[in-house]
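User: I'd like to go through this structure with you and see how each label is earned. Could you take me through the reasoning?

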Amino acid sequence: MKRKTALLIGNILMALGLIVMIGSIALNLSSHVFSLNLPDMLTMGSLFGIFVGAMIWLAGARLGGRDKVADRYWLIKHYNHSNRDNHRYP
């Protein structure tokens, strides 16, 4: 698969995963807040949909090449490893 195609499919999968997660959260919360009289199987399935959406998102990130940790993140750039070391033991 070419790089452009992989990036496009990865972005589509990440967007689809985000839509599934947000839709599942919205369905679950609205069924509890507004008592929509939905079947229990649908409300419990919406909890499972959150995890399915996360897996789709992660698959898209892996396919699109966005799964690597970059140095541009503030915590990684500014966290000094020597701060954690216990200097009493060599």
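**How the labels are earned**

User: Happy to start with a single residue: what makes Ser35 exposed?

Analyst: Ser35 has a relative accessible area of 52%. Exposed means over 50%, buried under 20% and partly exposed in between, with a 1.4 Å probe and protein chains only. Ser35 is therefore exposed. A word on the basis: this is a predicted model, where local features need pLDDT of at least 70, side-chain atom pairs count only at pLDDT 80 or more, and totals for chains, interfaces and linings use all residues. Residues are numbered from 1 along each chain as its sequence is written, and side-chain values use heavy atoms, leaving out hydrogens and water.

User: Where does Ser35 lie, and what is notable about its phi?

Analyst: Ser35 lies in the loop between helix 1 (3-33) and helix 2 (40-64). Its phi is positive, about 45 degrees, although Ser35 is not a glycine. Helices here are DSSP runs of H or I with at least four residues, numbered from the N terminus.

User: Why is Asn37 called exposed?

Analyst: Asn37 has 75% relative accessibility, so Asn37 counts as exposed. Asn37 also sits in the loop between helix 1 and helix 2, and its phi is near 55 degrees, again positive in a residue other than glycine.

User: How do you know that the length of helix 1 fits its number of residues?

Analyst: Helix 1 has 31 residues and reaches 45 Å from its first C-alpha to its last. The expected span is 1.5 Å times one less than the number of residues. For helix 1 that expectation is 45 Å, and the span is close to it.

User: Which residues of helix 1 are buried, and what helps cover them?

Analyst: Among them are Ala6, Gly10, Met14, Gly17 and Met21. The cover includes helix 2, with contact meaning heavy atoms within 4.5 Å.

User: What makes helix 1 roughly antiparallel to helix 2?

Analyst: Helix 1 and helix 2 pack at an angle of about 160 degrees, with their axes 7 Å apart. Angles over 145 degrees count as roughly antiparallel, under 35 as roughly parallel, 65 to 115 as roughly perpendicular and the rest as oblique. Helix 1 is therefore roughly antiparallel to helix 2. The axes are lines fitted to C-alpha atoms over the stretch in contact, and angles run from 0 to 180 degrees between N-to-C directions.

User: And the protein overall: how many helices and strands are there?

Analyst: The protein has three helices and zero strands, and 18% of its 90 residues count as buried.

Conventions:
Helices (H or I, at least four residues) and strands (E, at least two) are DSSP runs, numbered from the N terminus.
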